[in-house]
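Work through the exercises below with the model open. Try each task before you read its solution.

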Amino acid sequence: MVNNQTNRLDRVFSALGDPTRRAILARLAREEGLSVSDLAAPFEIKLPAVMKHLDVLAEVGLIRRTKRGRTVTVELSPRPLKSAVDWLQRYERFWETRLDRLTRYAERKEREAQDQGE
Amino acid sequence: MNQVTLVRRIGARPSIVFEALTTSEGISSWFGPDDGAVLSAALDVRVGGSYRIRFRRTDGTEHECTGQFLEIEAPRRIVMSWQWACGSPPEEEGDEHVSRLEYHLRPIDTGTELTLIHAGLRTEASARSHTSGWGGALDKLMRMFAH
């Protein structure tokens, strides 16, 4: 059974798995109003390859492309990234509490074992 | 970075920590937000064996997680699949799928260094992204969106 939400988070992480795409996102976070050619400028790969990366990012909703006249500008769209960050933070909190309790339990068991000369 | 990695130094020998991770008595003692939170813990600790843990959260709701043991190397390593069982209300996006949980136990002078890795996704793509690393710029980006 296909679950839309599951696949979406999967695809966000997959999109973020490429270093060129991460570099594109990092640049969009620093500068506003960049066009597609502005973005392509620093990379050694050619424009069509950059556009393919932008397609992947747009498809998972990490960027928005807007056409103004003959220029296409690119903007960061933070919501999918926020979902990914939220997932990580939730599970970090989940496990931190439990590991605290595991530590206390195991250390108590260790003291008991030592008291019994084990 | 599609995974949570936590490291703890525990003042107990690895066999004791391993037991705490793989026995019903152990799990019942710590696998909840507070005392008495674990309602049941059944574990068939062998490769291919399954586990099922039912616990109550501080808001009173009951949840059940389940999965299979994929790798076991006592007392050093346990790898298992993880998912929230049907009927257990998934809270938010990403809770419905199967993830991967690993425990690594390393003996140290003072006891055990325990590393927990909870990887959110089990697709090949996520495995690649995990090994290629994320770099400082993206970490900063993600911290921006955390607020």
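Val38(B) sits across from Phe55(B) of strand β3(B). The model is predicted: local features need pLDDT of at least 70, side-chain atom pairs count only at pLDDT 80 or more, and totals for chains, interfaces and linings use all residues. Residues are numbered from 1 along each chain, chains are lettered from A in the order in which they are written, and side-chain values use heavy atoms, without hydrogens and water.

**Exercise 1.** Find how β2(B) and β3(B) pair, and what joins them.

*Solution.*
- Strands are DSSP runs of E, at least two residues, numbered from the N terminus.
- Two strands pair if DSSP finds at least two bridges between them.
- β2(B), residues 38–43, and β3(B), residues 50–56, pair antiparallel over five bridges.
- Ala42(B) faces Arg52(B) in β3(B).
- The two strands form a hairpin with six residues between them. Gly48(B), in the turn, has a positive phi of about 95°.

**Exercise 2.** Place these strands in the open sheet of chain B, and say why one side of β1 and of β2 lacks a neighbour.

*Solution.*
- The sheet has seven strands, in the order β1-β7-β6-β5-β4-β3-β2, with antiparallel pairing.
- β1 (3–10) and β2 of chain B are at the edges, each with a single partner strand, so one side of each has no neighbour in the sheet.

**Exercise 3.** Which residues does Phe31(B) touch, leaving out those up to four places away in sequence?

*Solution.*
- Contact means heavy atoms within 4.5 Å.
- From chain A, the list holds Phe94(A), Trp95(A), Arg98(A) and Arg101(A).
- From chain B, it holds Val38(B), Ile53(B), Phe55(B), Cys65(B) and Trp82(B).

Conventions:
Helix = DSSP H or I, 4+ residues; strand = E, 2+ residues; numbered from the N terminus.
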